[in-house]
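Please open the structure in the viewer and keep the selection panel at hand. The tour below proceeds one selection at a time.

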Amino acid sequence: MKEEIKIRSLSSTAELEAVRRLESKIWGESDSIPTHQTITAVKNGGLVLGAYSGDELIGFQYSFPGFNGKSVYLCSHILGTDELFRNKGIGEKLKLAQRDEALKLGYSLITWTYDPLESVNGYLNIAKLGGIVSTYLPNCYGEMEDLLNSGLPSDRFLVEWHINGEKNADTIGNAFDQDFVLANSLVQWNVNDKGLPVVLPFRNEDLHNNAVQFVPVPKNYRSIRDTDIELARDWRMRTRDAFSGLFTQGWQVSGFKKMSNPEIPVNFYILTKQ
């Protein structure tokens, strides 16, 4: 019988030391967040959540208070899951638990960053949770040498998750059929002899005169990065230009279209005017 995954808030030294060890295991580096820092954050409006299979910590989420000069929000800094437990919905469980605990603490907004080329994260953050994005951060963390980020600029989306509402952006993605999305994509691609999507040049001035814009990202960016680093770099730089240009013109990411056809190697972000 499979163990039920349980989520709970963590605050003791032993619990947070286990989080530090799991972080090092996931990212393959010893330079993890010190336990004294996570303890201090928890005591001052921050939050650490752990996902457990039985007594084993198999996922975690760490966040701390943020302030933009006008309002306080919860800054969600890091979320990780043990490799053996991925693709089981644990990230979503952690985020929903984070929402519940943040509301108890009095927050109405949670923010975090993620790589926009990671489709799995895009589907979770935008389609399932209902986050929105209007800020692109080029090389946000500089050159990173961990297992998940080495070799490419660390570009990130800044997500805003307004947790007082119950918005589910899946309704936006479901409003457009596959053929319409493909016909109106801002960025086009081909498939190379390895079966990988190759991003083609584009110009932001070629925007369609629609109420929505669609920008593709690979379904499996990690496989591209592992097999063809130059192709991965092309996707990084050309989508950087697309998103940065659109955000400057007042567009925001408000939906995500997951393409069910396995022969289509990309998914799509949906952008609407703010």
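Select Ser 32, which counts as buried because its relative accessibility of 11% falls under the 20% limit. The model is a predicted one. Ser 32 belongs to the loop between H1 and H2. Display its side chain together with that of Ser 24: the two make a polar contact at 3.2 Å. With neighbours within four places in sequence left aside, the residues in contact with Ser 32 are Arg 20, Glu 23 and Ser 24.

Next, select helix H1, residues 13-27. From its first C-alpha to its last, this helix of 15 residues reaches 21 Å, close to the 21 Å expected at 1.5 Å a residue. Which residues of H1 are buried? They are Glu 15, Leu 16, Ala 18, Val 19, Leu 22, Glu 23, Ser 24, Ile 26 and Trp 27. Two of these, Glu 23 and Ser 24, were met above as contacts of Ser 32. To see what surrounds the buried residues of H1, colour strand S1 (5-9), helix H2 (35-42), strand S2 (47-53), strand S3 (56-67) and S4, against which they pack. Then move just past the end of H1 to Gly 28, where phi is positive, at about 70°.

Two asparagines also merit a backbone view. Select Asn 87, in the loop that runs between strand S4 (72-81) and helix H3 (90-105). Its phi is near 65°, a positive value in a residue other than glycine. Is Asn 87 buried or exposed? It is exposed, because its relative accessible area of 77% is over the 50% limit.

Continue to Asn 139, in the loop between strand S6 (132-137) and strand S7 (156-162). Asn 139 likewise is a residue other than glycine with a positive phi, here near 45°. With a relative accessible area of 28%, Asn 139 is partly exposed.

Turn now to the aromatic rings. How many aromatic pairs does a search of the whole structure find? The search finds 16. Select Phe 157 and Phe 243, an edge-to-face pair with 4.8 Å centre to centre and 80° between the planes. Phe 157 lies in strand S7 and Phe 243 in helix H8 (residues 229-248), so this pair ties together parts that are 86 residues apart in sequence. Both Phe 157 and Phe 243 are buried.

Keep Phe 243 and add Tyr 269. These rings also form an edge-to-face pair, 5.5 Å centre to centre with 85° between the planes. Since Phe 243 is in helix H8 and Tyr 269 in strand S12 (residues 266-273), the pair ties together parts that are 26 residues apart in sequence. Tyr 269, like Phe 243, is buried.

Extend the selection to Tyr 114, Tyr 123, Tyr 136, Phe 157, Phe 243, Phe 247, Phe 256 and Tyr 269, which ring pairs link into a cluster.

From this cluster, centre the view on Tyr 123 and add Lys 258. The charged end of Lys 258 sits over the Tyr 123 ring, 4.3 Å from the ring centre. For the final stop, select Lys 95 and Trp 112: here the charged end of Lys 95 sits over the ring of Trp 112, at 3.5 Å from its centre.

Conventions. Residues are numbered from 1 along each chain as its sequence is written. Side-chain values use heavy atoms; hydrogens and water are left out. Helices (H or I, at least four residues) and strands (E, at least two) are DSSP runs, numbered from the N terminus. Buried means under 20% relative accessible area, exposed over 50%, partly exposed in between (1.4 Å probe, protein chains only). The expected span of a helix is 1.5 Å times one less than its number of residues. Contact means heavy atoms within 4.5 Å. Rings of Phe, Tyr and Trp (its six-membered ring) pair if their centres lie within 6.5 Å; planes under 30 degrees apart count as stacked, over 60 as edge-to-face and the rest as tilted. A charge sits over a ring if NZ of Lys or CZ of Arg is within 6 Å of the ring centre and within 35 degrees of the ring normal. A polar contact is a pair of N or O atoms within 3.5 Å; within protein, one must be able to donate a hydrogen and the other to accept it, and residues adjacent in sequence count only if both atoms are side-chain atoms.
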